[in-house]
Amino acid sequence: MIVGTAGHVDHGKTALIQQLTGIDTDRLKEEKARGLTIEPGFAYPEMAGGVELGFVDVPGHARFLHHMLAGSAGVDTVLLVVAADDGIMPQTVEHLQILSLLGLDRGLVALTKIDRVDAIRRRQVREEIAALLSDTPLAGAPIVEASSHSGEGVEALRDRLWTLAATQRATPAQGHFRLAVDRVFTKSGTGLVVTGTAFAGDVSRNDEVRLVPAGLKARVRGLRRQHRDSERAQQGDRVALNLAGPGISREAIQRGDWIVAEALETPLLRRLDVQLHLLEGVPAVKHWAPIHVHLGVSRLSGRLSLLEGQRLAPGANMLGQLVLDEPVHACLGDRFVIRDPGGRLTLGGGVVLDGDPPRRGQRRPERLAWLSALTECAAAGPPFDLDPPLRQALERRPDGFDLVAMARNANADAAEMTARIEALGGRVVTAQGQRRAFSQEALAALQARLLDTLAANHEREPSMLGTERGRLARQTMPELPEPVCRELLAALVERGALSAHGPFVALPEHRAALSEADEALWQRLEPFIDAASFQPPRVRDLAIAADLDEALIRSALTACARLGRLYQVRRDHFYLAETVTEMAAILQALEQQHGRIRAAAFRDRIGTGRKLAIHILEFFDRVGYTRRIGDEREIRQAGMWQ
Ligand SMILES: Nc1nc2c(ncn2[C@@H]2O[C@H](COP(=O)(O)OP(=O)(O)OP(=O)(O)O)[C@@H](O)[C@H]2O)c(=O)[nH]1
């Protein structure tokens, strides 16, 4: 259990934690000199019987509110401190509002400095506190009187907290590991250490993790939880990680960054779709207002885009989008607080719904309906029941949806999510690390559209052998990722609904034909092309060799290429289909032998000049058989020429 203090400056938070735990959480020299907390401080008292309890002591001064917000990230229990002499003060109210916005609903109130007041005053302040709590998630929380000076009531408060910690059921770790970094330092002999609260999942020594936003990979060399060496830590724990790896240094990471499991690595997010709530008593906020956003441990600047109107009224809720100046990491259900750009006023906050909003159509009814479904899902709290939004997506998205991005957003496992989709009657197409989910009807409709497009192509281009797969994909559904389209086409070929001819596909009944004149030319030209296998004569050389007109040859060979007898590897340079198949096999063998394909190795194998070898490799890239990576290539579609 991690208890976070809250309350107005000088109400006795630090003194109380010291009384309760014997630990002084004010570490900084300046804090000591000024008698003021600036940075969050931590205390982990020794507990008997495996009970775990940690304290985060936050500053009360209004100027350090961003530190209070950072300290409150990851806290699960609140200790609201109110001094009996002052009573409720501005930061008592503001901290309480922030804790509500962060979704904290468990905790108690310590009425401190009771040595300074009489019984009547104590009762009066207790009543004021009860009234203040009444319409917050902490309504009805116990109010315990204590004095850090006389010690009165401290034992009773400790008993309450210790019992609460002992009876709290440990939440099982869910999802992939995420940790919000609140401190970064280097320790001689150890190296880089980051500390923070684990928001989800678990981490073990020697795990590989990612730094966000730096994107660097790191190994967990050492691990401490709640200030003790450990092999493993999990959701809810205060964790210190000793990280190592290429590029891992003090400069690569700072407070507010995240350490996440590989599976959560995202292209960095700058726009987050959210459910917003504006506090009562603050000015209304207009669309595109500049704001400060506190998310996890970070403070970011940006704009507030309203998705359901031009103005958000005090006390109201609305769907919106945070458009941030810097990239962030966030998942469904993360809470955030918004403040005015001057950082003086807490305006409201909300819940992250979708970290990957579409560029267009953000206010379309189906998009808003999707966000509303996610709002309900997030409101019910983790573990999230994703079935209702998934069901909705299956019903309403004829082009399917990206299941990997959706799983990442919900910090769920993509394989488990695939099983959920299948249980809901949907289908998932998997290709090259992508997973796209469709309803059965949507999938059938898409396949029918592919066949229709192909039929139209055949009618328009009767002499063509078929349509190149990539082109068919772009023609039919440009918004779908190409690997997914190719996978759909492969399934149709498998079922016999399509026939495959190298990179082309055609309806099985389609028969392309050559004109008689072209057929006659082909008979004359084929021997010339065949004789020179890897280096066939170009159109001009054929014209000389066969004593024919160049334009005639070009048109006949183009017609033959449409039929799949030849491939135009570059302008005016045609190769027999068999030769292309042979070269494809050579590439495959080279890849098997060397891991990657180098142009020089290919040139040596086919015995041509370097320039021609490169032209041929570029042809294979173009048709999607190979992919170029720097100076090398790898096979993308091994089955294309089999
Ligand atoms: N008389 C009396 N004084 C107290 C009590 N608790 C704290 N104080 C005094 O109040 C002052 C502020 O106490 P802190 O514990 O630093 O207050 P704080 O809430 O942690 O302050 P910030 O963290 O800066 O917001 C100090 O001078 C304490 O000695 C108490 O129970 N009785």
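**Two places in a predicted model**

Q: How do the residues of the lining of the second largest pocket divide into nonpolar, polar and charged?
A: In this predicted model, that lining has 13 charged residues, 9 nonpolar ones and 5 polar ones. An Arg counts as charged, and Arg-367, Arg-397 and Arg-436 are among the lining residues closest to the pocket's centre.

Q: What volume does the second largest pocket have, and which elements give two or more residues to its lining?
A: Its volume is about 1,000 Å³. The helices on that list are α7 (365–379), α8 (387–396) and α9 (403–409), and the strands are β24 (401–402) and β26 (434–439).

Now for the ligand.

Q: What makes the pair between Arg-116 and the ligand a polar contact?
A: A polar side-chain atom of Arg-116 sits 3.2 Å from a ligand nitrogen. The cut-off is 3.5 Å between N or O atoms, so this pair qualifies.

Q: How do you know that His-149 and Ser-148 make polar contacts too?
A: Use that cut-off again. An N or O atom in the His-149 side chain is 3.2 Å from a ligand nitrogen, and a polar backbone atom of Ser-148 is 2.8 Å from a ligand oxygen. Both distances are within 3.5 Å, so both pairs count.

Q: How much of the ligand's accessible area does the protein cover?
A: On its own the ligand has 640 Å², and the protein covers 84% of that.

Q: How many residues surround the ligand, and how do they divide?
A: There are 20, with Thr-14, Ala-15, Thr-37, Asp-115 and Ser-148 the closest. The shell has 10 polar, 5 nonpolar and 5 charged residues.

Notes:
Residues are numbered from 1 along each chain as its sequence is written. This is a predicted model: local features need pLDDT of at least 70, side-chain atom pairs count only at pLDDT 80 or more; totals for chains, interfaces and linings use all residues. Side-chain values use heavy atoms; hydrogens and water are left out. A residue is near a molecule or strand if one of its heavy atoms lies within 4 Å of it. A polar contact is a pair of N or O atoms within 3.5 Å; within protein, one must be able to donate a hydrogen and the other to accept it, and residues adjacent in sequence count only if both atoms are side-chain atoms. Accessible areas come from the Shrake-Rupley method with a 1.4 Å probe; for residues, only the protein chains shown count as cover. On a 1 Å grid over the protein atoms alone, a cavity is a set of points where a 1.4 Å probe fits but cannot get out, and a pocket is an open set with protein on both sides within 12 Å along at least five of seven lines; lining residues have an atom within 4 Å of a point. Grid points are joined across faces, edges and corners, and a volume is the space filled by probe spheres set on the points. Helices (H or I, at least four residues) and strands (E, at least two) are DSSP runs, numbered from the N terminus.
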